[in-house]
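Biologist: Please take me closely through one part of this model, and then show how that part sits in the rest. I would like the cut-offs stated as you go.

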Amino acid sequence: MGKPKVAFFDFTSCEGCQLSKLNLENDLLDILELVDIVNFREAISNHGEDYEIAFIEGSISTPHCVERIHKIRRQAQIVVALGSCAHIGGINAIRNNMDQDEVREAVYGNDKYLFPSIKAQAVSDVVKVDYVIPGCPMDNQEFKRVLSALLTGKIPEIPEYSVCAECKAKENECLYDYGVVCMGPITRAGCRAACPTNGHYCYGCRGLVPDLNKNAAKDVMEKYKLSIDQIKKRFYMFNTNYVNMEEKSYE
Amino acid sequence: MSSKAIAREKIPDAVSLLKAKYRVIAPVPKGKTFVFKKIGNPQEVVLDYNTTILPLKKFFLPPDEVIVKYNLKKREYQEPEIESEPTVFFGIHNYELQGILRLDYAFGTGVKDATYLKKRENNIFIGVTYTPDDYHFAESVGIPTDLKEGFDIFLTKYNGHYRVEALTDKGKNIVSQWSEFLEDCSYDGDPVVHFKNKLKQSVAGIREIFHGAYNHPVWKETSKKCYSCGTCNLVCPTCYCFDVSDEVVLGTDQGARSRRWDSCQILGFTEVAGGEAFREKRYDRVRHRMSRKFAYIMDDRDRPFCVGCGRCIRQCTADISITDVMNALL
Ligand code: SF4
Ligand code: SF4
Ligand code: SF4
Ligand code: SF4
Ligand code: SF4
């Protein structure tokens, strides 16, 4: 059996995740021994159409994106969403809170009708996604773990517990003790609590925990004197697509 | 017998002397709070502290630990070498050591956990009295501040001094080496302490409270405030649950199996193969934690698996208090 063929595709994003993969310098040669990379715009020039694993970076935000991602899904056996934009819509989705016509006008002015766009969505909102590597940018260690699992026929696992769990394991002081509101308790771990460990609150870039208790989170943030508007902004930074702030349900 | 005391300012000298022979672990400040740490400079040691972020368990059951390494192709495995460096744990509160004794029970009864037990060899514990803050409630779970069980030496604070009591042979040996720092002690009482946080009822009979409490409203009420972050378990001296995972290094046959602290408040904790979750509802998980502490497991002396350190209350960002929950039941 030949080496699995792997392709990377970028959609609406800053391409930081692909670039951060290039930072895997030490491992890149090992990786190239294990897979054939047939499509990777940032690094190679040939564009193969024959691949088994597709890594997708970026969110789906135009009718053209929708067409492209369907085509990729038809070809690939495994689709992996790379980074926040592909995983949850990410930063791009902030604009989903605005009127879409206004957004087009702000960006393209009078040419707005030439550039049709839709709300910025996660790849999984449009096609089936098999695995995700969260984060803004994605974490190289996690990328290697997921790739290693895929190549050895294991199911790649990413944490479903919160950033607090990693933050406690590092014995960091909690930012709430300083009156700073942190998204850690409701954000999916896996970054080794990168932000709180460096003194900054978590923005939620790895997406919300699957078992979210949004009302509890809102109550805590309110207690720490964030206004409803500020609370919304904390959620909207990366997680617009996953919070309907008006909805109120418990359990 | 005339008892001995050490002045506060002589403590660093006493620690220096210990350092010559042992690894010394003691509380040191970290920002507004404290952590247990291997001591470099003896001046760092604090003896007036409320509690540390993580309990001593981190030295015996680290947050993340490789338990076996293997080679898939050669079908070989090795267990990592565990050193049990002679260690003095200095300035330890009694509930903290009670937490270790509960872990000893958990890891040493039935199937023995060699990885844990090995690290428990060659340990010396030097205790110190403390003033309870708003969260400690150790007295309510049968741990009054003068309980000295398990300590080799116990220091009782009075007037800028500490009375030094050697309680074991190992302790006596250390105290004899400290003689130049010691003076005669005039104090032979025990400080009077008040716990602000309490259970309404003491531990005797507490297990029975759970019999009729399965559908008590407190579980749902509490679960509305809880976002299942897991902090309360991770910081608990008597929580020992871990998750096991395997990782094979990309492109090699080398792999390692590790264990990592887990928490019963997290949904994935109760998930089994096939995706079934036993405690899908958050209130089931809240009830489980309390039941584990006060009903399901008692050590061989019938004491609960909560030592009243108050960490889970202090560090819960959602202000959930185990004493409030229990008091709603009592
Ligand atoms: S700083 Fe943030 S991530 Fe860390 S424990 Fe506090 S809330 Fe959780
Ligand atoms: S701490 Fe939060 S914002 Fe920072 S990397 Fe982790 S998930 Fe992203
Ligand atoms: S620390 Fe508080 S919010 Fe987090 S799981 Fe425990 S009780 Fe719930
Ligand atoms: S349950 Fe809470 S108070 Fe009891 S030992 Fe654990 S952390 Fe301490
Ligand atoms: S079941 Fe929950 S309460 Fe019990 S030891 Fe495990 S994590 Fe702690």
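Modeller: I start with a hairpin in chain B, where strand E11 (residues 242-248) and strand E12 (residues 254-261) run antiparallel and are joined by seven bridges; helices (H or I, at least four residues) and strands (E, at least two) are DSSP runs, numbered from the N terminus, and two strands pair if DSSP finds at least two bridges between them. This is a predicted model, in which local features need pLDDT of at least 70 and side-chain atom pairs count only at pLDDT 80 or more, while totals for chains, interfaces and linings use all residues. Residues are numbered from 1 along each chain as its sequence is written, chains are lettered from A and ligands numbered from 1 in the order in which they are written, and side-chain values use heavy atoms, leaving out hydrogens and water.

Within the hairpin, B:Glu247 of chain B faces B:Ala256 in E12(B). Five residues lie between strands E11(B) and E12(B), and in this hairpin B:Gly251 adopts a positive phi near 75 degrees.

The hairpin belongs to domain 2 of chain B by its numbering, since the chain is divided into domain 1 (3-185) and domain 2 (203-329), with bounds from an automatic or database domain assignment. Ligand 5 has around it B:Asn233, B:Cys239, B:Tyr240, B:Cys241, B:Cys264, B:His288, B:Arg292 and B:Lys293, where a residue is near a molecule if one of its heavy atoms lies within 4 Å of it. Helix H9 (residues 282-296) of chain B gives three residues to this shell, the largest share. Sorted by class, the shell of ligand 5 holds four nonpolar, two polar and two charged residues, with Ala, Val, Leu, Ile, Met, Phe, Trp, Tyr, Cys and Pro counted as nonpolar, Asp, Glu, Lys and Arg as charged, and the others, Gly among them, as polar.

Turning to the two domains of chain B, their C-alpha centres lie 25 Å apart, and 44 residues of domain 1 are in contact with 41 residues of domain 2, contact meaning heavy atoms within 4.5 Å. About 3600 Å² is buried between domain 1 and domain 2 of chain B, 59% of it from carbon and sulfur atoms; buried area is the accessible area (1.4 Å probe) that two parts lose on being put together, summed over both. On the side of domain 1 of chain B, B:Tyr70, B:Arg102 and B:Phe137 supply 20% of the area buried against domain 2, more than any other three residues.

Chain B also has an open sheet of eight strands with mixed pairing, in the order E3-E2-E6-E7-E8-E9-E1-E10. Strand E3 (33-38) and strand E10 (182-184) of chain B are at its edges with a single partner strand each, so one side of each is left without a neighbour in the sheet. From one strand to the next, the twist averages 30 degrees. At the E3 edge, strand E2 (residues 23-30) of chain B runs antiparallel to E3(B) and is joined to it by six bridges, and B:Lys30 stands opposite B:Thr33. Helix H5 (residues 169-177) of chain B lies across strand E7 (123-128), strand E8 (153-158), strand E9 (161-166) and E10, at about 130 degrees to E9(B); axes are lines fitted to C-alpha atoms, for helices over the stretch in contact, and angles run from 0 to 180 degrees between N-to-C directions.

Chain B meets chain A through 40 of its own residues and 35 residues of chain A. Together the two chains bury about 3100 Å², 58% of it on carbon and sulfur atoms. The residues of chain B that lose the most area to chain A are B:Tyr227, B:Leu250 and B:Thr317, which together make up 24% of what that side buries.

Chain A, the partner, is assigned domain 1 (5-151) and domain 2 (163-242). The contact between these two domains of chain A takes 20 residues from domain 1 and 13 residues from domain 2, and about 1300 Å² is buried there, 48% of it on carbon and sulfur atoms. Chain A carries an open sheet of five strands with parallel pairing, in the order E2-E1-E3-E4-E5. Neighbouring strands of that sheet are turned by 25 degrees against each other on average, direction ignored.
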